[in-house]
Amino acid sequence: LPLLLKATLLRLASGSYRPFHNGFYYNHIMNDNGDGQDKVDYFSGARLMVETSKDPVYSYNGANVTLPCHYRYEPDLGPKRKIRIKWSKLRDDYTKEQDVMVAIGKTYVAFGDFKGRAHIHQAGRHEASLVISDVRLKDDGKYRCEVIDGLEDESDVVDLRLQGIVFPYQPPRGQYRLNFHEAEQVCQDQGAILANFNQLFQAWSEGLDWCNAGWLADGTVQYPIRLPRKPCGGVHLAPGIRSYGPRHRHLHRFDAFCFSSALKGEVFYLDRLAGMTLEEAKQSCQDAGAEIARVGQLYSAWKFLGLDRCSAGWLADGSVRYPIATPRANCGPAEPGVRSFGFPSKGRFGVFCYRER
C-alpha cells in the first residue's frame, strides 16, 4: 500500500496523470523493479459517437414517425457489436421525464404509454432510430438516444414537434376559473392537451394575440401579445410572451392554452330549417354515424383542412362557434379564425359533427 501511494503521488506531482475521457482507456501496471515507479501502458480504444437530427422532426396526431439516431466508432471496429440502446423522453430542462424503451440486439422492451407503439428501426449497421406509431399529442418533446457499449455510454437528443394549433379556452363559468389540474382536464375534454411554451411561442409567431393569462403544461401562466396595449402589460413593452411564472397548481386560477393536432377524421356541419337545441344536435350527429365535435377538433379542421362555415353550430362543451378560413362580409372580423358565441343557455343552431375516417 505505501508503495502504491508513493507512485500515485509521484504521478500526480509530475502532471502525467490522465483522466478517463470518452472511450480512450488507459491501464496502470506496476513494474517488477520494486522501486515504486509506474510502468504506464496507454491504450487508445475506439471512440463511440452518437448522432441524431439537429433539426426538429415534425409529425402529427395519429401518424407514424421515425426519430433518427446513428452511432459509429472512430476508428471503425468492423463487424457490428452487441450494444444496448436506450431511448428516454426528456423535460424541457433535459432531465428525464420517462423511459421509452431499451433494446439489445433484436430484443427490446417498451415502457408506459409507448408499449405496443415503439420499436427500434435497425435497417443500417449502426442505426438506433426510434419508430413511434400512432403518435399522440403528449409525445411532443425531446428524446435522448443513448448507446451503451461496455463502459462507454454516449448520447444525443432529437426534438419531436407535432404540427398543431394552440387555442385559448375558458369554461362556461367564465374567465379565470381553472386551477392547473382543471385546465389539464378541460383541454383533454376538448380533444387537446395543455400547450407547452414552444407551442405557444409558435402560435404567437403565427399571429396569436390573447390578453387573458392561461396555464401551460409546465405549470407556468403566460399569454401572447402581438399588439402591445395598456391592459396587456402596457404599451411600452415589446410584443412577446408575457409570463406570470410558475403559479400554485391548486390555489391559483386562470384560463388554459390548449394544443390540438391534425385529425384522423373529418368535421362536418348539419342543420335544420328551425335549428336545433344542444340535445337535438347531439342526436343528429349520432344519427349520421358521428359524434358532436369538440372545440379542439373544430380548430384543427379549420387550421389543417380549411374548414370554412359562416353558420354557427353547437360543440360538445355547449359552446356555439363557427370557423372562417376566408373572411367576408357578415362573417365576423377581417381575419381568419374560429368565432365564438359563448355558451348560450338557450337557442337553436346547427351542429358541427366529427367522424373517424
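**Exercise 1. The surroundings of L130**

Task: In this predicted model, determine which residues are in contact with L130 once its neighbours within four places in sequence are left aside, and place L130 in its sheet and core.

Solution. Begin with the contacts themselves: beyond four places in sequence, L130 touches V65, T66, L67, W87, V100, M101, A118, H119 and Y143. Next, consider the strand pairing, in which strand 5 is joined by three bridges to strand 11 (residues 129–132), the two running antiparallel, and L67 stands opposite L130 in strand 11. The sheet that holds these strands is open, with three strands in the order 5-11-10 and antiparallel pairing. Strand 5 (65–67) and strand 10 (118–121) are at its edges, each with a single partner strand, so one side of each has no neighbour in the sheet. Ignoring direction, neighbouring strands of this sheet are turned by 30° against each other on average. Finally, turn to the nonpolar core: the largest one has 86 residues, and those that touch the most other members are L67, W87, L130, Y143 and F352. Helix 5 gives this core its largest share, five residues. Of the residues in contact with L130, L67, W87 and Y143 are thus also named among the core members that touch the most others.

**Exercise 2. The covering of helix 5**

Task: Establish how many of the eleven residues of helix 5 are buried, name these residues, and describe the backbone just after the helix.

Solution. The count comes from residues 295–305, where eight of the eleven residues are buried, and helix 5 is therefore mostly covered, given that buried means under 20% relative accessible area. The buried residues are V295, G296, Q297, L298, Y299, S300, A301 and W302. As a general point for reading such a list, an α-helix has 3.6 residues a turn, so residues three or four places apart point the same way. Just after helix 5 comes G306, whose phi is positive, at about 70°.

**Exercise 3. The six-stranded sheet and its antiparallel pair**

Task: Give the order of the strands in the open sheet of six strands, identify its edge strands, and describe how strand 7 and strand 8 pair.

Solution. The order is 4-13-12-7-8-9, and the pairing is mixed. Strand 4 (57–59) and strand 9 (107–110) are the edge strands, since each is paired on one side only. From one strand to the next, the twist averages 25°. Within this sheet, strand 7 (residues 84–90) and strand 8 (residues 96–104) are antiparallel and share seven bridges, with L90 standing opposite K96 in strand 8.

**Exercise 4. Backbone features in the loops**

Task: Locate P75, Y94 and Y176, and describe the backbone feature at each.

Solution. P75 belongs to the loop between strand 6 (69–74) and strand 7, and the peptide bond that joins E74 and P75 is cis, with omega at about 0°. Y94 lies in the loop between strand 7 and strand 8, and its phi is positive, about 75°, although the residue is not a glycine. Y176 is in the loop between strand 14 (164–169) and helix 2 (180–189); its phi, near 55°, is likewise positive in a residue other than glycine. To judge exposure, recall that partly exposed residues fall between the 20% and 50% limits: Y94 has a relative accessible area of 46% and is therefore partly exposed, and Y176, with 28%, is partly exposed as well.

**Exercise 5. The setting of D156**

Task: Decide whether D156 counts as buried or exposed, and describe its contacts.

Solution. D156 is placed in strand 13 (residues 152–162). Its relative accessibility is 17%, so D156 counts as buried. Leaving aside neighbours within four places in sequence, D156 is in contact with V50, E51, T52, K54, Y143, R144 and C145. With T52 there is a polar approach, in which the backbone nitrogen of T52 lies 3.3 Å from a polar atom of the D156 side chain. A separate pair, D156 and M49, is 107 residues apart in sequence, whereas the C-alpha to C-alpha distance is 9.2 Å.

**Exercise 6. The chain as a whole**

Task: Summarise the secondary structure, burial and contacts of the protein chain.

Solution. The chain contains five helices and 25 strands. Of its 357 residues, 43% are buried. Among contacts with a separation of 6 or more, 58% are between residues 24 or more positions apart. The accessible surface comes to about 18900 Å², and 52% of this belongs to carbon and sulfur atoms.

Key: Residues are numbered from 1 along each chain as its sequence is written. This is a predicted model: local features need pLDDT of at least 70, side-chain atom pairs count only at pLDDT 80 or more; totals for chains, interfaces and linings use all residues. Side-chain values use heavy atoms; hydrogens and water are left out. Two strands pair if DSSP finds at least two bridges between them. Helices (H or I, at least four residues) and strands (E, at least two) are DSSP runs, numbered from the N terminus. Axes are lines fitted to C-alpha atoms, for helices over the stretch in contact, and angles run from 0 to 180 degrees between N-to-C directions. Buried means under 20% relative accessible area, exposed over 50%, partly exposed in between (1.4 Å probe, protein chains only). Contact means heavy atoms within 4.5 Å. Accessible areas come from the Shrake-Rupley method with a 1.4 Å probe; for residues, only the protein chains shown count as cover. A nonpolar core is a set of buried Ala, Val, Leu, Ile, Met, Phe, Trp, Tyr and Cys residues joined through side-chain atoms within 4.5 Å. A polar contact is a pair of N or O atoms within 3.5 Å; within protein, one must be able to donate a hydrogen and the other to accept it, and residues adjacent in sequence count only if both atoms are side-chain atoms.
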